[in-house]
Amino acid sequence: MSKRNTVTIRLSDELFAELLIKAQSLNMTVSDYVRGTICNTELNYRTNEKDFGYLIGSINRVGNNINQIAHNLNIARNEQSLDQVDYEDIMNQLIIINSEIKSLM
């Protein structure tokens, strides 16, 4: 396929830096990265172990916070300071959140 057309766009410094980082993380030129994005080509990012470790740690902290909320929710229910309908609604929301977090792992 011949590449005869040129596209010029303006980007903020932040967006340009992000574009460069994404292209470089895939060992691609900016042009190849943009073409791949436009064509919905599956792009495989290199994972940085430090970033991956940080992400896992962050997800674990969110999971711990959910467990603390559930624990306090059970205490409130046992002390009858929370009615059953509210308890079930909040627990269902926590289950959904926990499920979404597990799907990230």
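What follows is a conversation about a predicted model of one protein chain.

Visitor: What makes up the protein chain, in helices and strands?
Guide: The protein chain has four helices and zero strands. Read from the N terminus, the order of elements is α-α-α-α.

Visitor: How do you know that the protein chain is not a compact globule?
Guide: A compact globule of 105 residues would have a radius of gyration near 13 Å, whereas the protein chain has 23 Å. The spans of the C-alpha trace along its principal axes are about 70 × 30 × 25 Å.

Visitor: How many of the residues count as buried?
Guide: Of the 105 residues, 17% count as buried. A residue earns that word when its relative accessible area is under 20%. The protein chain exposes about 9100 Å², and carbon and sulfur atoms supply 53% of this area.

Visitor: What makes the ten residues around Ile59 and Ile66 a nonpolar core?
Guide: A nonpolar core is a set of buried residues of certain kinds, Ala, Leu, Ile, Met and Tyr among them, joined through side-chain atoms within 4.5 Å. The largest such core consists of Ile59, Ile66, Ala70, Leu73, Ala76, Leu82, Tyr87, Met91, Leu94 and Ile101. The elements giving two or more residues to this core are α3 (49-78) and α4 (84-104). With five residues, α3 gives the most.

Visitor: Which residues does Tyr87 touch, leaving out those up to four places away in sequence?
Guide: Tyr87 touches Leu73, Asn74, Arg77 and Leu82. Of these, Leu73 and Leu82 are listed in the largest nonpolar core, as is Tyr87 itself.

Visitor: Why is asparagine 27 called exposed?
Guide: The word applies over 50% relative accessible area. Asparagine 27 has 61%, so asparagine 27 is exposed. Its place is the loop between α1 (13-25) and α2 (30-38). Its phi is near 55°, a positive value in a residue other than glycine.

Visitor: Why is glutamine 80 called exposed?
Guide: The relative accessible area of glutamine 80 is 72%, and the cut-off is over 50%, so glutamine 80 is exposed. Glutamine 80 lies in the loop between α3 and α4. Its phi is positive, about 60°, although glutamine 80 is not a glycine.

Visitor: Why is leucine 11 called partly exposed?
Guide: Buried means under 20% and exposed means over 50%, with partly exposed in between. Leucine 11 has a relative accessible area of 34%, so leucine 11 is partly exposed. Leucine 11 sits in the segment before α1. Not counting residues up to four places away in sequence, leucine 11 touches Phe16 and Leu19.

Visitor: How many side chains are positive and how many are negative?
Guide: There are 10 positive and 13 negative side chains, and the centres of the two sets lie 15 Å apart.

Visitor: What share of the contacts with a separation of 6 or more joins residues 24 or more positions apart?
Guide: That share is 29% in the protein chain.

Conventions:
Residues numbered from 1 in each chain as written. Predicted model: local features only at pLDDT ≥ 70, side-chain atom pairs only at ≥ 80, totals over all residues. Heavy atoms only, no water. Rg over C-alpha atoms; globule rule 2.2 N^0.38 Å. Buried < 20%, exposed > 50% of the residue type's maximum accessible area, 1.4 Å probe, protein only. Contact = heavy atoms within 4.5 Å. Areas by Shrake-Rupley, 256 points an atom, 1.4 Å probe, with all protein chains shown as cover. Lys, Arg positive; Asp, Glu negative; His and termini not counted. Charge placed at Lys NZ, Arg CZ, Asp CG, Glu CD.
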